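Here is a friendly walk through a model that you can follow on screen. Keep the viewer open and turn the backbone as you read.

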Amino acid sequence: MFASDPFLFSVLCVWLAVFGACVGSFLNVFLYRFPRRESLSYPPSHCPRCKAAIRWYDNVPVFGWIKLRGKCRSCKLPISIRYPCIEGFCGIVFCGIFVLLDVLFNFSVWPLLALTLFLSLSATVIFAVCCVMYLAFRKRIG
Ligand SMILES: [Zn+2]
């Protein structure tokens, strides 16, 4: 359905990649704070070492980490590469599953089924891989 309109298809792919990266950013917060029984909303994003607040422009998924070269702006200590990896991965999964479902099943045929498949597949893949990544990185980097 969407593949027949290259402009709309591209816009949706980019939007889903950005949305997926934002989901990944929230997932990073969840994976860090939930095991520590910390609030997911307060305090706002901050460096776990020096506790300095992370500015909104440093908190942009993937690009914030790249811009800071993986170091805290305040204390210069390294920030785990797990953060941009999970954000980028979620963006790729959201975009990739959309492309796959549109090409394979054509959204116009079963839009509700396609949407359900999209959401459940994305959630399953992201949850599984992020849990593995989190466990792997936690042992090595922290
Ligand atoms: Zn810091």
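The protein chain has 4 helices and 0 strands, and its order along the sequence is α-α-α-α. Helices (H or I, at least four residues) and strands (E, at least two) are DSSP runs, numbered from the N terminus. This is a predicted model, in which local features need pLDDT of at least 70, side-chain atom pairs count only at pLDDT 80 or more, and totals for chains, interfaces and linings use all residues. Residues are numbered from 1 along each chain as its sequence is written.

Taken along the principal axes, the C-alpha atoms of the protein chain fill a box of roughly 50 × 30 × 25 Å. Of the 142 residues in the protein chain, 23% are buried. A residue is buried if 20 or more other C-beta atoms lie within 10 Å of its own, exposed if 12 or fewer, and partly exposed in between, with C-beta atoms placed from the backbone. Among contacts in the protein chain with a separation of 6 or more, 65% join residues 24 or more positions apart; a contact here means C-beta atoms, placed from the backbone, within 7 Å.

**Helices α1 and α3**

Helix α1 has 28 residues and reaches 40 Å from its first C-alpha to its last, close to the 40 Å expected at 1.5 Å a residue. The 24 residues of α3 should span 34 Å at that rise of 1.5 Å a residue, and the 33 Å between its end C-alpha atoms agrees. The expected span is 1.5 Å times one less than the number of residues.

How do α1 and α3 cross, and at roughly what angle? The axes of α1 (residues 6-33) and α3 (residues 82-105) come within 7 Å and cross at roughly 140 degrees. That angle is why α1 counts as oblique to α3. Axes are lines fitted to C-alpha atoms, for helices over the stretch in contact, and angles run from 0 to 180 degrees between N-to-C directions. Angles under 35 degrees count as roughly parallel, over 145 as roughly antiparallel, 65 to 115 as roughly perpendicular and the rest as oblique.

By class, the contact of α1 with α3 has 18 nonpolar, 6 polar and 1 charged residues. Here Ala, Val, Leu, Ile, Met, Phe, Trp, Tyr, Cys and Pro count as nonpolar, Asp, Glu, Lys and Arg as charged, and the others, Gly among them, as polar. The buried residues of α1 include Leu-16, Gly-20, Val-23, Leu-27 and Leu-31. An α-helix has 3.6 residues a turn, so residues three or four places apart point the same way.

**Backbone details**

Three residues have a positive phi worth finding in the viewer:

| Residue | Place | Phi |
|---|---|---|
| Val-62 | loop between α1 and α2 | near 65 degrees |
| Arg-69 | loop between α2 and α3 | near 55 degrees |
| Asn-106 | just after α3 | about 55 degrees |

Val-62 counts as buried because 21 C-beta neighbours lie inside 10 Å. Arg-69 is exposed, with 9 other C-beta atoms within 10 Å. The C-alpha atoms of Arg-69 and Ile-79, 10 residues apart along the chain, are separated by 8.8 Å.

Phe-63 belongs to helix α2 (residues 63-67). With 14 C-beta neighbours inside 10 Å, Phe-63 is partly exposed. Its C-alpha atom is 25 Å from that of Thr-124, 61 residues away along the chain.

Finally, a cis peptide bond joins Tyr-42 and Pro-43, with omega about -5 degrees. Pro-43 lies in the loop between α1 and α2.

Methods. Two residues are in contact if their C-beta atoms, placed from the backbone, lie within 7 Å.
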